[in-house]
Amino acid sequence: SHCSEQDWKERRARSPTVTTTASSFTATFSTSSTLAYDREFLRTLPGILMVAEIVLGLLVWTLIAGTEYFMYPVFGWVMFVAVFYWVLTLFFLIIYMTMTYTRIPQVPWTTVGLCFNGSAFLLYFIAAIVDASAVTKGLDSHNYNSWAASSFFAFVVTSCYGGNAYFSFVSWRSRTLQ
């Protein structure tokens with residue numbers, strides 16, 4: 001079963017041609033590599049609230065992280081909520097600032113924004129209540145001030161997410177009525 005060079009060339013000439021095509025899903029993405037920058041977003045109330053959520057959320061989790069919070073499961077929950085939503089809020093700020101949402105029209109951004117801000121408001125509200133109820137001088141007087149401050153800022157961040165949840169609802173409602 002030894003093939004001559006001529007047989008090999010003939011077999012290669014008869015081999016089927018494989019054609020590949022791009023799927024319609026990937027074809028809808030923009031091929032431009034330049035990112036847009038929406039400077040005006042930071043001048044809107046939702047943009048201002050988002051920056052406040054990032055700054056104040058950073059305060060919440062750094063005030064707790066600087067203590068022996070890991071000895072108290074209550075503060076572990078507050079840390080989880082604060083860090084989780086801080087990272088996601090940074091992610092959404094980048095998406096809005098670079099106008100990435102315009103490049104991915106398959107994602108229902110108004111619904112995503114409503115779900116994000118609504119869940120952030122609810123979980124931050126629970127975390128703020130848990131944080132405030134756990135802060136006592138008897139628990140750990142050395143960390144009392146940090147925990148009390150984190151509780152205060154958790155309520156402020158909760159109100160920011162509440163405001164953005166309202167704006168997201170208004171935006172979502174106007175989209176669903178069209």
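This short presentation covers the annotated spans, the nonpolar core and a nonpolar surface patch of one structure. Please keep in mind throughout that the model is predicted.

I begin with the record. The unreviewed UniProt entry annotates residues 45-64, 70-95, 107-127 and 147-169 as "transmembrane region". Two of these spans may be set against the model. Residues 45-64 are 100% helix and 0% strand, and their end C-alpha atoms lie 28 Å apart. For residues 107-127, the corresponding distance is 29 Å, with 90% helix and 0% strand.

I turn next to the interior. The largest nonpolar core has 34 residues, and those touching the most other members are Val60, Ile64, Phe75, Tyr85, Phe92, Tyr124 and Tyr161. Two or more residues of this core come from each of α3 (45-65), α4 (73-97), α5 and α6 (144-177). Helix α4 supplies the largest share, 12 residues.

Ile64 deserves a closer look. Leaving aside residues up to four places away in sequence, Ile64 touches Tyr69, Phe75, Val78, Met79, Asp131, Trp147 and Ser150. Phe75 in that list is also among the core residues that touch the most other members.

Finally, the surface. Phe121, Leu122, Phe125, Ile126, Ile129 and Phe155 form a nonpolar patch of about 500 Å². Helix α5, residues 109-134, gives the most to this patch, with 5 residues. Phe125 lies in that helix, α5. Is Phe125 buried, partly exposed or exposed? Phe125 counts as partly exposed because its relative accessibility is 37%, and that class runs between the 20% and 50% limits.

Helix α5 thus appears in both settings: it gives residues to the core and to the surface patch.

Terms used. Residues are numbered from 1 along each chain as its sequence is written. This is a predicted model: local features need pLDDT of at least 70, side-chain atom pairs count only at pLDDT 80 or more; totals for chains, interfaces and linings use all residues. Side-chain values use heavy atoms; hydrogens and water are left out. Patches are made of residues with over 30% relative accessible area and no salt bridge: like charges are joined within 9 Å, nonpolar side chains (Val, Leu, Ile, Met, Phe, Trp, Tyr) within 5 Å. Accessible areas come from the Shrake-Rupley method with a 1.4 Å probe; for residues, only the protein chains shown count as cover. A salt bridge is a side-chain nitrogen of Lys or Arg within 4 Å of a carboxyl oxygen of Asp or Glu. Helices (H or I, at least four residues) and strands (E, at least two) are DSSP runs, numbered from the N terminus. Buried means under 20% relative accessible area, exposed over 50%, partly exposed in between (1.4 Å probe, protein chains only). A nonpolar core is a set of buried Ala, Val, Leu, Ile, Met, Phe, Trp, Tyr and Cys residues joined through side-chain atoms within 4.5 Å. Contact means heavy atoms within 4.5 Å. UniProt positions are given in the numbering used here, feature names are shortened, and annotations may be inferred rather than shown by experiment.
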